[in-house]
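Here is a short briefing on how side chains meet in one protein chain. Please keep the sequence and the 3D view at hand while reading.

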Amino acid sequence: MTFKPPFDVLTDYERRSLAHVPGLPEQLDAPGLWRGVGYRIGTRRLASTFSEVVEILSLPQVTHVPGSQPWMLGLANVRGSLLPIVDLKQFLEGERTVLHESQRILLVRQPGGDVAVLIDELFGQRSFHDQQQISVEDVAEQGLADGRYAHFIDRAYRLDDQPWGIFSLDRLARTPEFRQAAA
């Protein structure tokens with residue numbers, strides 16, 4: 001067995017990494033495939049693109065902020081950074097999420113700093129194909145885009161007889177009301 005000098009090994013790594021084509025193999029091999037993070041808020045099954053979700057975390061200890069909106073749960077210290085935690089169900093539906101130990105938050109990038117939104121349940125990665133997309137009428141009939149949800153859901157898919165709305169966390173983070181957490 002022959003050993004290469006360490007510098008040659010590193011040079012080979014660099015050559016191979018520069019030759020690598022960026023992008024997900026699924027995107028390169030499967031046109032019409034949409035992939036993202038699936039989750040539930042209330043009775044709605046939603047998904048958001050991977051590019052909108054920075055990280056998924058367990059619900060940390062939250063400190064209430066006096067004078068904030070009811071949907072603003074408070075601030076949490078996440079790896080030394082203060083992170084606002086928003087109850088997404090309460091923001092969208094006006095009904096507070098029942099907290100439990102397995103609760104998750106989605107970390108969302110927004111202008112001025114990250115924010116975390118509380119979800120009811122995490123389903124993990126979900127994939128949808130163009131043939132599974134449902135019409136605007138079906139979206140309305142399923143009640144996916146009722147009320148405030150209408151501002152954030154543009155399309156939906158049907159997977160295993162369940163409708164899934166594609167929820168724009170980016171649009172949510174740019175909404176003036178969402179950005180104004182002071183009561």
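**Contacts between side chains**

Glu-55 is partly exposed, because its relative accessible area is 26%. This residue belongs to a predicted model, and it is a good starting point for the contacts described below. A search of the whole structure finds 9 salt bridges, and a search for aromatic pairs likewise gives 9.

**Salt bridges**

- The side chain of Glu-55 meets that of Arg-79 in a salt bridge, with a distance of 2.6 Å from N to O.
- This pair links distant parts of the chain, since Glu-55 lies in strand S3 (residues 53-58) while Arg-79 lies in the loop between strand S4 (72-78) and strand S5 (81-87), and the two are 24 residues apart.
- Arg-79, the partner of Glu-55 in this salt bridge, has a relative accessible area of 63% and is therefore counted as exposed, the cut-off for that class being over 50%.
- A salt bridge also joins the side chains of Arg-44 and Glu-93, at 3.4 Å from N to O.
- Here too the pair links distant parts of the chain, with Arg-44 in strand S2 (residues 44-49), Glu-93 in helix H3 (residues 88-93), and their positions 49 residues apart in the numbering.
- Arg-44 counts as buried because its relative accessibility is 14%, and buried means under 20%, whereas Glu-93, at 31%, counts as partly exposed.
- Asp-170 forms a salt bridge with Arg-174, and the closest N and O atoms of this pair are 3.1 Å apart.
- Both Asp-170 and Arg-174 lie in helix H5 (residues 169-174), where they are 4 residues apart, or about one turn of the helix.
- Asp-170 has a relative accessibility of 36% and so counts as partly exposed.
- Arg-40, Asp-120 and Glu-121 are joined into one network by salt bridges that share partners.

**Aromatic rings**

- What describes a pair of aromatic rings? The distance of the centres and the angle of the planes describe it.
- Among the 9 aromatic pairs found in the whole structure, Trp-71 and Phe-91 form one that is edge-to-face, with 5.0 Å from centre to centre and 80° between the planes.
- This pair links distant parts of the chain, because Trp-71 is in the loop between S3 and S4 and Phe-91 is in helix H3, 20 residues apart.
- Trp-71 counts as buried at 5% relative accessibility, and Phe-91 counts as buried at 2%.
- The rings of Phe-128 and Trp-164 have their centres 5.9 Å apart and their planes at 50°, so this pair is tilted.
- Phe-128 lies in strand S8 (residues 121-129) and Trp-164 in strand S11 (residues 162-167), so the pair ties together parts that are 36 residues apart in sequence.
- Phe-128 and Trp-164 are both buried, and they belong to one aromatic cluster together with Trp-34, Phe-123 and Tyr-157.

**Charges over rings**

- The charged end of Arg-44, a residue that also takes part in the salt bridge with Glu-93, sits over the ring of Tyr-149 at 3.9 Å from the ring centre.
- Arg-148 lies over the face of Phe-91, 4.3 Å from the ring centre, and Phe-91 is also a member of the edge-to-face pair with Trp-71.

**Backbone angles in loops**

- Arg-79 has a positive phi of about 50° although it is not a glycine, and this residue lies in the loop between S4 and S5.
- Asp-161, which is not a glycine either, has a positive phi of about 65°, and its place is in the loop between strand S10 (153-159) and S11.
- With a relative accessible area of 68%, Asp-161 is exposed.

**The largest pocket**

- How much space lies in the largest pocket? The space comes to about 150 Å³.
- The lining of the largest pocket consists of 13 residues, and those nearest its centre are Pro-84, Gln-110, Val-115, Phe-178 and Arg-179.
- S5 and helix H6 (176-179) each supply at least two residues of this lining.
- By class, the lining of the largest pocket has 8 nonpolar, 3 polar and 2 charged residues.

Technical notes:
Residues numbered from 1 in each chain as written. Predicted model: local features only at pLDDT ≥ 70, side-chain atom pairs only at ≥ 80, totals over all residues. Heavy atoms only, no water. Salt bridge = Lys/Arg side-chain N within 4 Å of Asp/Glu carboxyl O. Buried < 20%, exposed > 50% of the residue type's maximum accessible area, 1.4 Å probe, protein only. Phe/Tyr/Trp six-rings, centres within 6.5 Å; stacked < 30°, edge-to-face > 60°. Lys NZ or Arg CZ within 6 Å of the ring centre and 35° of its normal. 1 Å grid on protein atoms, 1.4 Å probe; cavity = no way out; pocket = protein on both sides within 12 Å on 5 of 7 lines; lining within 4 Å. Points joined across faces, edges and corners; volume = space filled by probe spheres on them. Nonpolar A, V, L, I, M, F, W, Y, C, P; charged D, E, K, R; others polar.
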